[in-house]
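I opened the notebook with a short list of things to look up. The entries follow in the order I took them.

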Amino acid sequence: MARSLHPAVGETPTRIITIDAQAPYPKIYVATPKRWLATAGFGVFQKDELIVHVSGTKNIADPDIRLGELITAEGRRTLTATFTSYKDRSIEGGLRHYFKAVGDSKSYVNLLFGRRKIEAISMTLAATGNDGNLGTVRVYDGATLPTAAIVFGVTYEKGFAGVFIEGGARWTQRLPRQDDDLRALGPGLEPANNTGSRVFMPANIGIPLRF
């Protein structure tokens, strides 16, 4: 990725950027992600199943996140960033426990642990006025990270098929930071690379099939 404030790769930065705002994940990826999932289970006790959960998500960023100001000889400009969309894939295993064992309608809880593969994330910086596009920098490297989830759900089944709805909390370990590109642009840029463990609360609706 370019480390210059100019579009050409390899130029020496000639401007200074000040950051007065961070870009936390919930304020960047505000769009409802496109997500798919599949779960397979095997009953081991009357109320318990061993399950394997596979899912994928495409996360789309809100454009033009405000980060702070760009200081040039012409004055102070608003600095914004557009983050790349990225995909992630996960595979998890765990236990599903039903709170009651009989009846068409049953509530349950899933306890899951696994791994999530996340694509690298970069951002394109831009400023108002004549400065325009200032280049693209890396913010997070791609990685495969541990995950955990607790999910509550309700299923209604007749015969071999039915419907379910579920929701809960899903944790993913923090992404590996990539600050080298940010440091090359000027002092104080690292806060834009706000990182940390991420907690999601997805809701899922689907069709269970039993064999």
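**Entry 1: a lysine and its partner**

I started with Lys158, which counts as exposed because its relative accessibility is 54%. The model is predicted, so I kept to features that pass its confidence limits: pLDDT of at least 70 for local features, and 80 or more for side-chain atom pairs. Lys158 forms a salt bridge with Asp104. The closest N and O atoms of this pair are 2.9 Å apart. I then looked up where the two residues sit. Lys158 is in strand 10, and Asp104 is in the loop between strand 6 and strand 7. They are 54 residues apart, so I noted the pair as a link between distant parts of the chain. Asp104 has a relative accessible area of 33%, so it is partly exposed.

**Entry 2: Glu157 and a network**

Next I took Glu157. What is its salt-bridge partner? Glu157 pairs with Arg210, with the closest N and O atoms 2.6 Å apart. This pair also links distant parts of the chain: Glu157 lies in strand 10, Arg210 in the segment after strand 13, and 53 residues separate them. Is Glu157 buried or exposed? Glu157 is buried, because its relative accessible area is 10%, under the 20% cut-off. Arg210 is partly exposed at 29% relative accessibility. I followed the shared partners from here. Glu49, Arg96, Glu157 and Arg210 are joined by salt bridges into one network.

**Entry 3: a buried pair**

I asked how many salt bridges a search of the whole structure finds. The search gives 6. One of them joins Arg170 to Glu92, and its closest N and O atoms are 2.6 Å apart. Arg170 belongs to strand 11 and Glu92 to strand 6, 78 residues apart along the chain. Both Arg170 and Glu92 are buried.

**Entry 4: the largest pocket**

I moved on to empty space. Rolling a probe the size of a water molecule over the atoms shows where such space is left. The largest pocket has a volume of about 650 Å³. Its lining counts 29 residues. Which of them lie nearest the centre? I wrote down Thr39, Arg96, Phe164, Ile207 and Pro208. Strands 2, 3, 6, 10, 11 and 13 each give two or more residues to this lining. Strand 2 (34–43) gives the most, with 9 residues. I sorted the lining by class and got 17 nonpolar, 6 polar and 6 charged residues. Arg96 turns up twice in my notes: it is among the residues nearest the pocket centre, and it is a member of the salt-bridge network.

**Entry 5: cavities**

I then looked for closed spaces. The whole structure holds 3 cavities of 30 Å³ or more. The second largest cavity has a volume of about 50 Å³. It is lined by 11 residues, and those closest to its centre are Ile118, Thr172, Leu175, Arg198 and Phe200. Which elements supply at least two residues each to this lining? They are strand 6, strand 7 (105–118) and strand 12 (198–200). By class, I noted 4 nonpolar, 3 polar and 4 charged residues. Strand 6 is on both of my lists, since it supplies residues to this cavity and to the largest pocket.

**Entry 6: a nonpolar surface patch**

Back to the outside. Phe42, Val44, Phe45, Leu50 and Leu95 form a nonpolar patch on the surface. Together they have about 510 Å² of accessible area. I checked Leu50 separately. Leu50 is in strand 3 (residues 48–59). Leu50 counts as partly exposed because its relative accessibility is 45%, between the 20% and 50% cut-offs.

**Entry 7: Asp64 and Ile28**

My last stop was a backbone angle. Asp64 is not a glycine, yet its phi is positive, at about 60°. Asp64 sits in the loop between strand 3 and strand 4 (65–72). Asp64 counts as exposed, because its relative accessibility is 53%. I also looked up Ile28, which is in helix 1 (residues 25–28). Ile28 is buried, with a relative accessible area of 3%. The C-alpha atoms of Ile28 and Asp64 are separated by 9.2 Å, while the two residues are 36 apart along the chain.

Key: Residues are numbered from 1 along each chain as its sequence is written. Side-chain values use heavy atoms; hydrogens and water are left out. Patches are made of residues with over 30% relative accessible area and no salt bridge: like charges are joined within 9 Å, nonpolar side chains (Val, Leu, Ile, Met, Phe, Trp, Tyr) within 5 Å. Accessible areas come from the Shrake-Rupley method with a 1.4 Å probe; for residues, only the protein chains shown count as cover. A salt bridge is a side-chain nitrogen of Lys or Arg within 4 Å of a carboxyl oxygen of Asp or Glu. Helices (H or I, at least four residues) and strands (E, at least two) are DSSP runs, numbered from the N terminus. Buried means under 20% relative accessible area, exposed over 50%, partly exposed in between (1.4 Å probe, protein chains only). On a 1 Å grid over the protein atoms alone, a cavity is a set of points where a 1.4 Å probe fits but cannot get out, and a pocket is an open set with protein on both sides within 12 Å along at least five of seven lines; lining residues have an atom within 4 Å of a point. Grid points are joined across faces, edges and corners, and a volume is the space filled by probe spheres set on the points. Ala, Val, Leu, Ile, Met, Phe, Trp, Tyr, Cys and Pro count as nonpolar, Asp, Glu, Lys and Arg as charged, and the others, Gly among them, as polar.
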